[in-house]
Amino acid sequence: MIKAKHHKTIFISDVHLGTRGCQAEMLLDFLRHNDADKIYLVGDIFDGWRMKKAFYWPQTHNDIVQKLLRKARKGTEIIYIPGNHDEMLRGFLGTHFGGIEVRDRDIHISADGTKYLVIHGDQFDMVVMGAKWLAHAGDWAYDFLLWFNGWFNRVRRLWGGQYWSLSKWAKLRVKQAVNFIGDFEDALATEAKKSRVDGVICGHIHHAALHDLNGVRYVNTGDWVESCTAIFEDENGKLHLVDWADEMRLRNLRLLAASVPQQTDTKNEQTAA
């Protein structure tokens, strides 16, 4: 039985349940190995845009929902802050679903007293707010890249390779995308100052980050499509960025290393006999 590591707070976003790009198996593994007093679901947990066009809901996606509901039943406080892909939930603010509360935004006070604005962030993306048709067109192109990324990783695994995000690598080498990330971070840092808090925790752009910016702490949870990242708050109030794909890779290497001496000892015993 897996013994889960306990945290004060966990922040995850951009899971995009209902799409083929969702790394559901990795997220399930993450949820099995980690518990918290509070979990923030920081938007785009399911993808209403994609599901309107083509319904896709495998068992692993249902398992994630059931896992979260089970944590809520066991006492974990879970707050769901909708994003643009699951914006229909913004019509249910203040509602509880199986112990999960829907809020538009929230102020989280960490164990050390630091105040964070928790918000998805699409409100500060002018492409989404000002030209939704362009956002949907970009979503189609992005979905195609993720589809290609899935096949790319299947081929890598055939040769013994671990998960690697081709789409993330490509995005960080396109100048316009890098500039957009910078502008987005500046906008969220400005909103944090207006809200009179010490930092902001958001998602939306699928780019994990944890750094100081313009006098505030900027934190982006990343996603579970490209990065497979989350944010932990420990008992002292310190925030940590975790790359779960890397965690799984290191775990597999440790298991492999632990099995090698046993195999060697068995061969030695056979030789001595």
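**Close-up views of the predicted model**

**View 1. Met 248 and its partners in H1.** Apart from neighbours within four places in sequence, Met 248 touches Met 26 and Asp 29. The model shown here, as in every view below, is predicted. Met 248 belongs to helix H8, which covers residues 244-272. Between Met 248 and Met 26 lie 8.3 Å from C-alpha to C-alpha, although the two residues are 222 places apart along the chain. Met 26 and Asp 29 are both among the buried residues of H1.

**View 2. Burial of helix H1.** Which residues of H1 are buried? They are Ala 24, Met 26, Leu 27, Leu 28, Asp 29, Phe 30, Leu 31 and His 33. Because eight of the ten residues of H1 are buried, the helix is largely enclosed by the rest of the structure. For the chain as a whole, 45% of the 273 residues count as buried.

**View 3. Packing of H1 against H3.** Two packed helices are described by the angle between their axes and the distance between the axes. For helix H1 (residues 24-33) and helix H3 (residues 59-73), the angle is about 20° and the axes are 9 Å apart. An angle under 35 degrees counts as roughly parallel, and H1 and H3 are therefore roughly parallel to each other. The crossing of H1 and H3 is left-handed. On the H1 side the contact is formed by Ala 24, Glu 25, Leu 27, Leu 28, Leu 31 and Arg 32; H3 contributes Thr 60, His 61, Asp 63, Ile 64, Lys 67, Leu 68 and Lys 71. By type, the residues of this contact are six nonpolar, two polar and five charged. Of the H1 residues in the contact, Ala 24, Leu 27, Leu 28 and Leu 31 also appear among the buried residues of the helix.

**View 4. The seven-stranded sheet with H1 and H3.** The strands of this open sheet follow the order S4-S5-S3-S2-S1-S11-S12, and their pairing is mixed. Strand S4 (96-97) and strand S12 (239-243) are the edges, each pairing on one side only. At the S4 edge, two bridges connect S4 to strand S5 (residues 100-102), and the pair runs antiparallel. In that pair, His 96 is opposite Glu 101 of S5. H1 packs on the sheet, where it touches strand S1 (5-12), strand S2 (34-41), strand S11 (229-233) and S12. The direction of H1 makes about 125° with that of S2. H3 lies across S2, strand S3 (77-80), S4 and S5, and runs at about 110° to S2.

**View 5. The hairpin of S6 and S7.** Strand S6 (residues 106-109) and strand S7 (residues 115-118) are paired antiparallel over four bridges. Asp 106 has Val 118 of S7 as its bridge partner, and Ile 109 is opposite Lys 115 of S7. Five residues lie between the strands of the hairpin, in which Gly 113 has a positive phi near 90°. Which side chains of S6 are buried? Asp 106 and His 108 point to one face and are buried, whereas Ile 107 and Ile 109 point to the other face and are not.

**View 6. The five-stranded sheet.** Strands of a sheet pair through backbone hydrogen bonds, either parallel or antiparallel. This sheet is open, with strand order S6-S7-S8-S10-S9 and mixed pairing. Its edge strands, S6 and strand S9 (209-213), each pair on one side only. On average, and with direction ignored, neighbouring strands are turned by 25° against each other. S7 and strand S8 (residues 199-202) run parallel and are joined by three bridges; within this pair Leu 117 is opposite Val 200 of S8. S8 also runs parallel to strand S10 (residues 216-220), with four bridges between them. There, Gly 199 faces Arg 217 of S10.

**View 7. The whole chain.** The close-ups above come from a chain with eight helices and twelve strands. Of the contacts between residues at least 6 apart in sequence, 67% join residues at least 24 apart. Met 248 and Met 26 of View 1, 222 residues apart, are one pair in contact across a long stretch of sequence.

Definitions and conventions. Residues numbered from 1 in each chain as written. Predicted model: local features only at pLDDT ≥ 70, side-chain atom pairs only at ≥ 80, totals over all residues. Heavy atoms only, no water. Axes fitted to C-alpha atoms, helices over the stretch in contact; angles between N-to-C directions. Parallel < 35°, antiparallel > 145°, perpendicular 65-115°, else oblique. Left-handed = near helix turned anticlockwise from the far one by under 90°. Contact = heavy atoms within 4.5 Å. Nonpolar A, V, L, I, M, F, W, Y, C, P; charged D, E, K, R; others polar. Pairing = 2+ DSSP bridges. Buried < 20%, exposed > 50% of the residue type's maximum accessible area, 1.4 Å probe, protein only.
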